[in-house]
Amino acid sequence: MAVIVSSPSPSPSPLPISRPITCPNPPYSRRCQLRPITASHVCTPHDINKSSLVIAETEAEDELWAASCLRVRSFHNFHDSSFSIQDHKKYLAEREFEAVKERISGKRTGFRRVSCINATLPSSQLSDYDDLCTECKYTNNGEDRVVVGTLDLNQCLRLPDEITGKKPEGIGADFLRAYLSNVCVAKELHRQGLGYELIAKSKLVAQEWGITDLYVHVAVVNEPAKKLYMKSGFIFEDDEPAWQARFLDRPRRLLLWFGLPVTHDL
């Protein structure tokens, strides 16, 4: 939405799957940069116990914070030699945390409803990944869990700096469409199918909202993310003008569409 597999998922290296939407013009520095997905980001898969996997919506602040931290480590490439890198990571996580809370609470203009959907596992199952557990852990009913995948489902008119979907048509139809964004899975757990399961859950939630048309943006060069979305049923609808990509200093994006059956009216 990703994946970067900001729009990023599970094939060679799916994540980040979709672009973050924390702010339209994030400040850049030498300490970090938006992470491009390359083969070097693929880790040796660690088989997980799916029986302990939970994929669900959340508004709990400690879990939203863990999801924000996962987004920062997925969407940014940090240089370990940089000064005060931990402070900078915390700053970025705080920005994302406040932004997602604002969207979920309905305070962001143009967004009718936003849901943060996370995939979580017990920290005991991830003992080999100290960094992931330290950065993305939270406590639920006395159990330490780790956010290993996350995305936002946005019922909105449009996403900032992105082309807008064309379906459905007609007066008052704008809020019958939704967009996926901030799609990412921890690099340690790529190729486990987590991206597919997150998207499947987002489709169910969108149906409950009465959404008929689901969209996601993906960079033209992001083959793993495109494979993820197309295997999940998305098809091409439109592409970003080259001038807009140059203006925003990023790879050109595609807009992919998926049609949902209507279950009930809004």
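This passage describes strand pairing, helix packing and selected residues in a predicted model.

Strand 6, which spans residues 143-156, is a convenient place to begin, and it is mostly covered, with 12 of its 14 residues buried. Strand 4, formed by residues 111-122, runs antiparallel to strand 6 and is joined to it by 11 bridges. Within this pairing, C116 has D152 of strand 6 as its bridge partner. Strand 5, made up of residues 137-140, is likewise antiparallel to strand 6, and 4 bridges connect the two. Here Y138 is the bridge partner of R145 in strand 6, while T139 stands opposite D144 of that strand. Strand 5 and strand 6 form a hairpin with 2 residues between the strands, and in this hairpin N141 adopts a positive phi near 50°. Strand 6 is also paired with strand 7, which covers residues 177-185; these two strands run antiparallel and are joined by 6 bridges. In that pairing, Q155 has A178 of strand 7 as its bridge partner. As a general point, the side chains of a regular strand alternate between the two faces of the sheet.

The loop between strand 6 and strand 7 holds several residues with notable backbone or contact features. D161 lies in this loop, and its phi is near 60°, a positive value in a residue other than glycine. P168 is found in the loop between strand 6 and strand 7 as well, and a cis peptide bond, with omega of about -10°, joins K167 to P168. K166 also has its place in the loop between these two strands. With a relative accessible area of 49%, K166 is partly exposed, because that class lies between the 20% limit for buried residues and the 50% limit for exposed ones. When residues up to four places away in sequence are not counted, K166 touches R177, Y215, E237 and D238. K166 and D213 are separated by 47 residues in sequence, whereas the distance between their C-alpha atoms is 9.3 Å.

Beyond strand 7, the chain continues through a loop to helix 4, and R191 is placed in this loop. R191 has a positive phi of about 65° although it is not a glycine. At a relative accessibility of 39%, R191 counts as partly exposed.

Helix 4, comprising residues 194-209, is in contact with helix 5, comprising residues 223-231; the axes of the two helices come within 10 Å and cross at roughly 45°. This angle makes helix 4 oblique to helix 5, because it falls outside the ranges that count as roughly parallel, roughly perpendicular or roughly antiparallel. Helix 4 passes helix 5 in a right-handed crossing. On the side of helix 4 the contact is made by G195, Y196 and I199, and on the side of helix 5 by K227, L228, Y229 and K231. The residues of this contact divide into 4 nonpolar, 1 polar and 2 charged.

K203 is also placed in helix 4, and at 13% relative accessibility this lysine counts as buried, because the value is under 20%. Leaving aside residues up to four places away in sequence, K203 touches L214, S232, F234, F258 and L260. K203 is 25 residues from A178 in sequence, and their C-alpha atoms are 9.9 Å apart in space. A178 is the residue of strand 7 that serves as the bridge partner of Q155.

A further helix pair is formed by helix 1, residues 61-75, and helix 2, residues 85-104, which pack at an angle of about 125° with their axes 8 Å apart. The angle makes helix 1 oblique to helix 2, and the crossing of these two helices is right-handed. Helix 1 contributes E61, L64, W65, S68, C69, R71 and V72 to the contact, whereas helix 2 contributes K89, K90, L92, A93, E94, E96, F97, V100, K101, R103 and I104. The residues of the contact between helix 1 and helix 2 divide into 9 nonpolar, 1 polar and 8 charged.

Key: Residues numbered from 1 in each chain as written. Predicted model: local features only at pLDDT ≥ 70, side-chain atom pairs only at ≥ 80, totals over all residues. Heavy atoms only, no water. Buried < 20%, exposed > 50% of the residue type's maximum accessible area, 1.4 Å probe, protein only. Helix = DSSP H or I, 4+ residues; strand = E, 2+ residues; numbered from the N terminus. Pairing = 2+ DSSP bridges. Axes fitted to C-alpha atoms, helices over the stretch in contact; angles between N-to-C directions. Parallel < 35°, antiparallel > 145°, perpendicular 65-115°, else oblique. Left-handed = near helix turned anticlockwise from the far one by under 90°. Contact = heavy atoms within 4.5 Å. Nonpolar A, V, L, I, M, F, W, Y, C, P; charged D, E, K, R; others polar.
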